[in-house]
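Work through the exercises below with the structure in view. Try each task before reading its solution.

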Amino acid sequence: MIADEPTANLDMTNVKSANCMFVRDYKLSSLTNFNQVPTVKCDMQYMFGYCTKLEKLDVSLFGANGPVVGADGTQSNINYMFAQCSSLTTIYAVENANWSSNCSNSKFIFDNDIKLKGQTG
């Protein structure tokens with residue numbers, strides 16, 4: 001299943017938790033039309049965790065700094081965000097993306113993503 005159509009109109013602007021949003025969606029193979037990302041601090045732990053058929057994912061809308069910082073200065077949680085996505089080969093992000101500045105909790109983000117390789121371009 002390619003999730004372009006269902007997510008095209010998904011409004012996540014004020015979502016505070018996307019924890020486990022797509023977790024264990026064993027049919028999800030691609031998410032390339034994700035037009036909305038949270039504009040407030042958001043818990044995204046395990047957001048795509050265990051999506052074992054997920055091959056491609058576009059997170060470019062998060063921008064160079066990744067998920068936003070809350071109004072109180074707290075940072076987003078992305079622990080295990082893409083963990084156990086054993087088919088994941090491609091993540092599209094903006095050039096020079098550095099999410100570490102906005103994400104204090106970022107343990108095991110790509111845990112067991114055995115097909116994902118680092119690359120620029």
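**Exercise 1.** Classify F48: buried or exposed?

*Solution.* F48 has a relative accessible area of 0%, so it is buried. The cut-offs are under 20% for buried, over 50% for exposed, and partly exposed in between, with a 1.4 Å probe and protein chains only.

A note on the source: this is a predicted model, in which local features need pLDDT of at least 70 and side-chain atom pairs count only at pLDDT 80 or more, while totals for chains, interfaces and linings use all residues. Residues are numbered from 1 along each chain as its sequence is written, and side-chain values use heavy atoms, without hydrogens and water.

**Exercise 2.** Find the stacked partner of F48 and place both residues.

*Solution.* Step one: the partner is F82, at 5.8 Å centre to centre and 10 degrees between the planes. Rings of Phe, Tyr and Trp (its six-membered ring) pair if their centres lie within 6.5 Å; planes under 30 degrees apart are stacked, over 60 edge-to-face, and the rest tilted.

Step two: F48 lies in the loop between β1 and β2, and F82 in the loop between β2 and β3, so the pair ties together parts 34 residues apart in sequence. Strands (E, at least two residues) are DSSP runs, numbered from the N terminus.

Step three: F82 is buried, because its relative accessibility is 2%.

**Exercise 3.** Which cluster and which core do these two rings belong to?

*Solution.* F22, F48, F82 and F110 form one aromatic cluster. The largest nonpolar core has 22 residues; F48 and F82 are among those that touch the most other members. Such a core is a set of buried Ala, Val, Leu, Ile, Met, Phe, Trp, Tyr and Cys residues joined through side-chain atoms within 4.5 Å. In soluble globular proteins, nonpolar side chains tend to be buried together.

**Exercise 4.** Describe the pair formed by Y46 and Y80.

*Solution.* The two rings are stacked, 4.8 Å centre to centre, with 5 degrees between the planes. Y46 sits in the loop between β1 (30-31) and β2 (56-58), and Y80 in the loop between β2 and β3 (90-92). Y46 is partly exposed because its relative accessibility is 22%. Y80, at 24%, also counts as partly exposed.

**Exercise 5.** What is the strand order of the open sheet?

*Solution.* The order is β1-β2-β3, with parallel pairing. Two strands pair if DSSP finds at least two bridges between them. β1 and β3 stand at the edges with a single partner strand each, so one side of each has no neighbour in the sheet. Three bridges join β2 to β3. One bridge partnership is D58 with Y92 in β3.

Notes: Helix = DSSP H or I, 4+ residues; strand = E, 2+ residues; numbered from the N terminus.
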